[in-house]
Structures are given as C-alpha cells and as structure tokens.
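Welcome! Please take a moment to look over the sequence and the model below before reading on.

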Amino acid sequence: MYINPISLFTFPQYYKSTQFSSILNLHSHLAFSSFYFQKIIMSKITLSLIFFLFMNIFIFSFVGAVKGTSSVTQPRANKLVEAQCRSTRYPKLCVSSLSNYITTTSEPQELAHVALKVSLAKAIYTRAYVKNVCKQLEKTKSSKDYQAVKECLNQISDGVSLLFNSVKELHHLSLDKESEFVWHRSNVQTWLSTVLTNAFTCMDGISSYKLGGYKVKATIKAKVLNVAQVTSNALALFNGYAVRHKDSHHSNSGKINKP
C-alpha cells in the first residue's frame with residue numbers, strides 16, 4: 001500500500017485513521033523487537049567476554065608468578081624442584097614444567113598446588129584445540145570421526161572441571177580443620193585418577209579413526225598425553241605432600257601428648 005507523504009501534512013484527519021494507527025503500532029512493535037534482540041545479543045557477548053577475561057586473568061596471573069624469582073635464587077629453586085620431582089613418573093617433564101614457578105621458600109603444598117595449576121592450564125589449551133577440531137569435523141560427512149572426537153572432547157572437559165575442583169580442594173586443605181584433611185585428600189586423589197583415566201580413554205577412542213588426517217590425530221594424542229603426564233606428576237607430588245603432612249601431624253600430636 002502506497003501512502004503519499006504529503007497527505008500527512010495536507011489532511012490532519014489522516015492522523016486519526018485506522019491505517020495510520022496500524023502503521024504506528026507496527027513501527028513500535030518492530031522497534032521493540034529490534035531492541036530486545038540487541039539486548040539478548042549484547043548479554044551473550046558480555047558473558048563471553050567475562051569468561052574470556054576470567055580465563056586470561058587465571059592464566060596470566062599464574063604465569064606472572066615467575067617474575068618474582070631472581071636469577072640468584074633460581075638455581076637453588078631448581079634443585080628443590082629436582083629433588084621433589086624424583087618421586088614422579090616423568091621427572092624431566094616435572095622439572096621443566098615447574099622450575100619457573102617455584103622459589104627457594106616454596107613448601108610441598110605450594111609445589112603440589114603449582115603442579116595442579118600446570119595440569120589445569122594444559123587441559124584448558126587441549127580442550128580448546130579439540131573443540132576446534134570437533135567443529136571442523138561437524139561440517140564434514142564423517143559422522144563417526146565427529147562422534148569419536150566429541151566423546152574425547154567431553155572427557156577432556158570433564159577433566160578440566162575435575163582439575164579446577166582439585167585446585168580449590170587443595171586450597172581448602174590449609175583452611176579447614178585437620179579432621180577434614182582425609183576428606184579433601186581423598187577427593188583430590190579420586191579426581192586426578194579420573195582425569196588420567198579420561199585422558200587414556202580419549203586416546204584409545206580416537207586411535208581407529210582418521211580425524212581429518214594423521215597430523216590432526218597425532219596432535220590431539222600428543223596434547224592429551226601431555227595432560228596425562230603432568231597430571232600424573234601432580235598426583236605424585238600431591239601424595240608426597242599428603243604423606244609429609246600426615247607424618248608431621250602425628251609427630252606434633254605425639255609431642256603434645258607427652259607429659
């Protein structure tokens with residue numbers, strides 16, 4: 001329907017017509033819909049930015065901790081790390097991944113805490129890579145490859161959650177009462193063991209699929225294996241800390257009970 005714009009000024013009665021009211025209502029509805037749609041989009045963008053900012057703060061605050069270590073104390077800190085890493089399954093990887101974040105005053109609990117954060121950071125980066133591969137395979141016709149990588153992604157995502165919970169649980173160890181220590185220790189040990197199981201399940205699950213080529217599959221396996229190795233080291237360091245804490249607690253209790 002064509003409306004002569006001049007008629008709006010020539011005939012005042014047009015403002016009172018049904019046609020003009022319908023046009024105003026339609027315009028108002030479209031304006032409100034557009035505004036509501038923009039609010040939804042902006043809210044999603046805001047949530048994404050908040051999550052991205054949180055993850056960057058976590059990663060960079062963790063990596064930035066190394067800047068407080070001077071070149072004079074670093075060799076002694078390395079010796080401390082080497083001594084603690086001897087009890088792990090992958091001692092060279094343990095030393096290389098932790099040396100930059102440990103000082104000469106670091107306690108066993110702090111070493112275990114840093115090891116858990118390293119595992120968490122590795123798992124987050126691995127999840128991002130596998131998620132990108134999963135999106136690429138979703139566009140192809142290979143549904144079996146997509147499902148295999150999707151299962152792997154789910155297992156890695158669960159691992160990220162478990163590692164994040166482990167970091168928080170270890171923090172609670174120094175805050176809660178001694179009676180809660182066994183509970184927190186059991187939680188961390190169970191969660192880290194599950195992360196290891198998920199990692200090897202992921203690697204086994206994708207071994208018989210092409211996944212877009214040898215290079216992609218090899219990269220996924222290498223990243224997941226690295227997560228498993230640093231998590232294994234973190235579990236060994238945590239167990240070492242738990243044993244020392246238990247011995248220290250029993251020793252102190254014996255001294256208190258002496259007459």
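This report covers the nonpolar core and then the cysteines.

## About the model

This is a predicted model, in which local features need pLDDT of at least 70, side-chain atom pairs count only at pLDDT 80 or more, and totals for chains, interfaces and linings use all residues. Residues are numbered from 1 along each chain as its sequence is written, and side-chain values use heavy atoms, with hydrogens and water left out.

## The nonpolar core

A good place to begin is the largest nonpolar core, which has 52 residues. Such a core is a set of buried Ala, Val, Leu, Ile, Met, Phe, Trp, Tyr and Cys residues joined through side-chain atoms within 4.5 Å. Buried means under 20% relative accessible area, exposed means over 50%, and partly exposed lies in between (1.4 Å probe, protein chains only). At least two core residues each come from helix 3 (74–85), helix 4 (91–98), helix 5 (108–138), helix 6 (143–173), helix 7 (181–206) and helix 8 (214–257). Helix 5 gives the largest share, 13 residues. Helices here are DSSP runs (H or I, at least four residues), numbered from the N terminus.

Which residues have the most contacts inside this core? They are Leu-98 and Ile-220. Leaving aside neighbours within four places in sequence, Leu-98 is in contact (heavy atoms within 4.5 Å) with Val-81, Cys-85, Leu-111, Val-114, Ala-115, Val-118 and Leu-237.

## Two disulfides

Next come the cysteines. The structure holds two disulfides, each being a pair of cysteine sulfur atoms within 2.5 Å. Counting bonded cysteines along the chain, their pattern is 1-2, 3-4.

One disulfide links Cys-85 with Cys-94, with an S to S distance of 2.0 Å. This link is left-handed, with -65 degrees about the S-S bond. Cys-85 counts as buried because its relative accessibility is 1%, and Cys-94 is buried with a relative accessible area of 1%.

Cys-152 and Cys-202 form a disulfide too, with their sulfur atoms 1.8 Å apart. Cys-152 lies in helix 6 and Cys-202 in helix 7, so this pair ties together parts that are 50 residues apart in sequence. The link of Cys-152 and Cys-202 is left-handed, with -50 degrees about the S-S bond. Both Cys-152 and Cys-202 are buried.

## A cysteine outside the disulfides

What about Cys-134: where is the nearest cysteine sulfur? That sulfur belongs to Cys-152 and is 9.2 Å away, and Cys-134 is in no disulfide. With a relative accessible area of 5%, Cys-134 is buried.
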